Amino acid sequence: MVAKAAQASLDHEQLLSLVNSMTDAVIAVDNEQLITMYNGATLNLLDINSNLRGEKLSAVLTLNDLEDKAIDLHKLIKSIKTSFVSRNIKLVYPNGEVCNIYISISPVHLSKGLELTKAYVLLMRDITKEKSLEQERDEFVSVVSHELRTPVTIAEGNISNAIELLSQVKHIPEIVNKSLLDAYKQVVFLAKMINDLATLSRAERGSLSMDIEHVNVRDLISELILAYQKQAEEKGLFINQHFDSDLTLITTNRLYLKEILQNILDNAIKYTDHGAITIQSKKKGSSVVFSISDTGHGIAKTDKAKIFTKFYRSEDYRTKSKSGTGLGLYITNKLASLINATISLESEIDQGSTFSIYVPDLDSHID
Ligand code: ADP
């Protein structure tokens, strides 16, 4: 019995010195959110030198979102089911100074004798330097894409007019027509790249306090189909739609959801040469599942894990023949995580692909 207690105390000591040697701040709180343990890095990060044991967490830790709105830490922790991770949080010091932090909060279940008690472990790190580099890069990308947009749009319009005019003139050498068409394709590609980069920097800057609204699912899908009908018809593809009869509204960010569906639908049309595209919207608990299926090229097993990474394009010769930046699905995934949505993929080579997007209802985020 004594040996067991001594071993337990040794284990505890070892664990404490391990946590203390960490460079990240670690704080453990009980179910009442009173601090039960913390390491040296916590005192460094919070810039205090007093004993934190027994203190209420919200009394020593003040957090804001990126728009400087105060975060109700007590409420946030109570709402965590699996874990909470964010790089978009600011730690506010008593003198008003702030620093950007990475924070992860995980619930843990500790055994106290026969009883299981709930507790939480917070891990925090100062990421101010990284954030300011990221911010500079985002600002650069957003300024450059904004400045490039106007000249590229003008060039696209002018080349398109020239093609139209020349189509009415006889005896134009074939090389002129071909060169203009090539130039047009390249300018359209450039315009898409600029658009993708602008959306990417917006997605990477996304914050906790985005606009959440009640979105009418049927209206949104009809809008999408209207926008893509011509593109699909030009390839001889038909777009089908199916709705659950009881499906009306989803509470989320409309712009992000639309961009996600748009990117996936755009790909479905691009990578399908025959058949049809089907958009299905179903209710699943309080979430809505959107599935976009195509009868296209399909995605190889080895590609499935990679298509959501930056600039990745499949080696399939049919992908190579279509223009693309390899940014679409990377951005789509970023936007999905901003609205807590998840994307799954089923695909078979030469049979087609189905992308399913599970969008949770963010009703509780509406004030
Ligand atoms: P892009 O279409 O610009 O190449 P994306 O990030 O949108 O970039 O897609 C990455 C890759 O995933 C594509 O290059 C293509 O190989 C593959 N892909 C995406 N959607 C489909 C689809 N519906 N069918 C077949 N391949 C697809």
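These are my notebook entries on the domains, one sheet and the ligand site of a predicted model.

**Entry 1, domains.** I began with the division of the chain, and I found domain 1 at 2-126, domain 2 at 132-204 and domain 3 at 213-365. I then looked up how far apart domain 1 and domain 2 stand, and their centres, taken over C-alpha atoms, are separated by 50 Å.

**Entry 2, the sheet.** I turned next to a sheet of 5 strands, which is open, has mixed pairing and follows the order E8-E10-E11-E13-E12. I noted that strand E8 (238-243) and strand E12 (342-348) each have a single partner strand and stand at the edges, so one side of each is left without a neighbour in the sheet. On average, neighbouring strands here are turned by 15° against each other, with direction ignored.

**Entry 3, one strand pair.** I picked out strand E10 (residues 276-284) and strand E11 (residues 287-294), which run antiparallel and are joined by 8 bridges. Within this pair I looked up the residue facing Thr278, and I found Ser293 in E11 opposite to it.

**Entry 4, helices on the sheet.** I recorded that helix H7 (residues 217-234) packs on the sheet and touches E8, E10 and E11, while its direction makes about 170° with that of E8. Helix H8 (residues 254-270) also packs on the sheet, where I find it touching E8, E10, E11 and strand E13 (352-359), and its direction makes about 20° with that of E11.

**Entry 5, residues around the ligand.** I then moved to the ligand and found 20 residues surrounding it, the closest of which are Asn267, Tyr271, Arg313, Thr325 and Leu329. I asked myself which element gives the largest share of the shell around the ligand. That element is H8, with 3 residues.

**Entry 6, polar atoms at the ligand.** I checked oxygen atoms of the ligand against N or O atoms of the protein, and I began with the side chain of Lys270, where such an atom is 3.1 Å from a ligand oxygen. For Gly326 I noted a backbone N or O atom 3.0 Å from an oxygen atom of the ligand, and for Gly328 the corresponding backbone distance is 3.3 Å. I also looked up the area, and the ligand taken alone exposes 530 Å², of which the protein buries 98%. Finally, I listed the elements that give two or more residues to the shell, and they are H8, helix H11 (328-338) and E13. I note that H8 and E13 were already in my entry on the sheet, where H8 touches E13.

Terms used: Residues are numbered from 1 along each chain as its sequence is written. This is a predicted model: local features need pLDDT of at least 70, side-chain atom pairs count only at pLDDT 80 or more; totals for chains, interfaces and linings use all residues. Side-chain values use heavy atoms; hydrogens and water are left out. Two strands pair if DSSP finds at least two bridges between them. Axes are lines fitted to C-alpha atoms, for helices over the stretch in contact, and angles run from 0 to 180 degrees between N-to-C directions. Contact means heavy atoms within 4.5 Å. Domain bounds come from an automatic or database domain assignment. A residue is near a molecule or strand if one of its heavy atoms lies within 4 Å of it. A polar contact is a pair of N or O atoms within 3.5 Å; within protein, one must be able to donate a hydrogen and the other to accept it, and residues adjacent in sequence count only if both atoms are side-chain atoms. Accessible areas come from the Shrake-Rupley method with a 1.4 Å probe; for residues, only the protein chains shown count as cover.
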